[in-house]
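User: I am new to reading protein models, and I would like to learn how to go from a picture to careful statements. Could we work through some features one at a time?

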Amino acid sequence: MEDTVPRELSIQLNAVDWVVILAYIALMLYVGYYFHRRHKSFDDYFLASKGMTTPLLVATLVSTFFGLDTLFGTSEIGFMEGVVGFFGYALVYTVLYVVMAFLAPRFRQMEGRTFSDIIGDTYGKGARVIAACCSFLYSTNSMEMMGMGFIFTLVFGVPFWVGVLASAVIVVAYTYAGGLWADAVTDTLQFFFMTVTLGAALILGWRDVGGIANIWAGLEAYVGEDPSYYLHPLGGYLTPGLIAAYGLTALAVLCEPAFLQRIFAARSPRAVRNALLIGTPIWASYELACTLLGLVAAAAVGLGMIVEPHPNQALLMVVSHYIPAGFIGFFLASVLAASMSTADSYLLVSAGNLVYDIYRPLLRPGLDDRSLIRLTRYGILVSAVVSVALAFVFERIMGLWVFQASVLINTVLVPLYIAVFVPALRRFRLAGTLATAVGFFGTVIFYVLVTTLGSFSEDWATMIWEITLLGRTFEVWQEYGIFLIIPFVLLAYLVGVALEWRRRAVPGVQGR
């Protein structure tokens, strides 16, 4: 590979591009305004009246989970390592989406509004509040805020912090006003933008480079050696153990707050099952397209067709080179769409956690729908402030993601799935409370220990804590929190069952 310095991306926009981008932003704001006065109940605002049909669910599910981490992160792996970006990482999520297609109808039958509803109704207020705090932490939007700030900086030439604040204002505006209906409708538009522009970029780029033969030659020139690892499904280095370590965070799909919100908002159990079965191949195609665009970028650099970009800008470099003048605006609008469709979903969920799951049951159980809507809108502002603050505080956003996914899985997965799928154990309220508490606080303590006593590995891009026991040194990755905490969560649940069983066996003690 030539000794070159990656170039900072510079995109030149013409009048048509500017019109498209500004029209897109204006449309987002108008949709929020349109739905502002159409909410008559909290279910209208938070769950789109539980009337979301299969087509609408397909668009909003795919758009919500196709964020900037997919666009830039997956294409970066494709640029540096090849198809392992799809087979080694994204495929795990794809499999779990298919699994959720068959589990989702049961969740829809529970008639909840959030998973904290189910946990609270089963185990009590303590478990509800812990689950809601966990959901709130998971649903902060720091990654998307940072991504949108980058795009605003690229397009408008403003400082990064200005871009972050500007994007936060736009997302908050239409989510604050329009709720889930506005979110779903804008997701449908965003779905169209992303599908058309990403597909066009891949087709044009692949054709211009010259197909697989020229791509191989370009990769060979780029890396200066045999590039076969670019086309190896596991990159030539991933082992089952590493796949398990990287794939553990994908378990978050099984209890994902925004995911479940759309399941609860579905018109029927059948509608959400069909939406997931239809949407999963589309989502997987997006992941594969991003991976291949990164690979095309590496080949194009090797062939001298484009200059070498920073890896996380590989996708934008290819798109800016191959999409015809006047259509860059459509693609940048789709990039904003990818981030906004994710950010607005989580802002709404996290606001619901603060107001519906924590404030209402603890302080104002009789809160009416009008007050719920008003306070949830205030909660959106609080969540946005937290998200923006974390975007400036965390040095490594992936470290934040690993913590968020770990705390969600460890706190919620076991008690939630027992509550939904094991009716015989629902009556043990203490068990669920102990499990959520051990999962939440155990994960926080583990993460603090790893990040304070461990060090960052540049080779594996993760925090590793080395522990020496009996003369042997063991490496504890931050991703191992799920391996290590879940057994204690299960133990805590069993202890709770045993304690309640024993208490009920005492003469004179009845009920729960």
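Analyst: Let us begin in a loop, keeping in mind that this is a predicted model. Lysine 50 lies in the loop between α2 and α3, and serine 49 is found in that loop between α2 (42-47) and α3 (54-64) as well.

User: What should I look at in the backbone of lysine 50?

Analyst: The general idea concerns the sign of phi: most residues other than glycine have a negative phi. Lysine 50, although not a glycine, has a positive phi of about 50 degrees, and serine 49, also not a glycine, has a positive phi of about 60 degrees. Just after helix α8 there is a glycine with a positive phi, namely glycine 157, at about 70 degrees.

User: Are serine 49 and lysine 50 buried, exposed or partly exposed?

Analyst: Here a cut-off is needed, since buried means under 20% relative accessible area and exposed means over 50%, with partly exposed in between. Lysine 50 has 17% relative accessibility and therefore counts as buried, whereas serine 49, at a relative accessible area of 34%, is partly exposed.

User: How should I read a helix, taking α8 as the case, and which of its residues are buried?

Analyst: In general, an α-helix has 3.6 residues a turn, so residues three or four places apart point the same way. Helix α8 covers residues 142-156, which is 15 residues, and from its first C-alpha to its last it reaches 21 Å, close to the 21 Å expected at 1.5 Å a residue. Its buried residues are Ser142, Glu144, Met145, Gly147, Met148, Gly149, Ile151, Phe152, Leu154 and Val155.

User: Which residues is isoleucine 151 in contact with, beyond its neighbours in sequence?

Analyst: Isoleucine 151, which is found in helix α8, has a relative accessible area of 2% and is therefore buried. Leaving aside neighbours within four places in sequence, isoleucine 151 is in contact with Phe72, Leu316, Val335 and Leu336.

User: How far apart in space are residues that are well separated along the chain, for example leucine 248 and alanine 405?

Analyst: Distance along the chain and distance in space have to be read separately. Leucine 248 and alanine 405 are 157 residues apart along the chain, and their C-alpha atoms are separated by 8.8 Å, while isoleucine 151 and glycine 279, 128 residues apart, have C-alpha atoms separated by 27 Å. Leucine 248 sits in the loop between α11 (240-247) and α12 (257-265), and, again setting aside neighbours within four places, is in contact with Ile409, Glu479, Ile482 and Phe483.

User: At what angle do helices α6 and α18 pack?

Analyst: For a pair of helices, one reads the angle and the separation of the axes together. Helix α6 (residues 115-123) and helix α18 (residues 429-453) pack at about 135 degrees, with their axes 8 Å apart, and that angle makes α6 oblique to α18. The contact is made by Asp121, Thr122 and Tyr123 of α6 together with Arg429, Gly432 and Thr433 of α18; by class, these are one nonpolar, three polar and two charged residues.

User: Finally, how many residues does the largest nonpolar core have?

Analyst: The largest nonpolar core has 156 residues, and those with the most contacts inside it are Leu71, Met100, Phe107, Leu198 and Leu416. Helix α13 (residues 269-302) gives the largest share of this core, 17 residues. To follow one member, methionine 100 is in contact, apart from neighbours within four places in sequence, with Val253, Leu254, Phe259, Leu260, Ile263, Leu276 and Tyr417.

Conventions
Residues are numbered from 1 along each chain as its sequence is written. This is a predicted model: local features need pLDDT of at least 70, side-chain atom pairs count only at pLDDT 80 or more; totals for chains, interfaces and linings use all residues. Side-chain values use heavy atoms; hydrogens and water are left out. Helices (H or I, at least four residues) and strands (E, at least two) are DSSP runs, numbered from the N terminus. The expected span of a helix is 1.5 Å times one less than its number of residues. Buried means under 20% relative accessible area, exposed over 50%, partly exposed in between (1.4 Å probe, protein chains only). Axes are lines fitted to C-alpha atoms, for helices over the stretch in contact, and angles run from 0 to 180 degrees between N-to-C directions. Angles under 35 degrees count as roughly parallel, over 145 as roughly antiparallel, 65 to 115 as roughly perpendicular and the rest as oblique. Contact means heavy atoms within 4.5 Å. Ala, Val, Leu, Ile, Met, Phe, Trp, Tyr, Cys and Pro count as nonpolar, Asp, Glu, Lys and Arg as charged, and the others, Gly among them, as polar. A nonpolar core is a set of buried Ala, Val, Leu, Ile, Met, Phe, Trp, Tyr and Cys residues joined through side-chain atoms within 4.5 Å.
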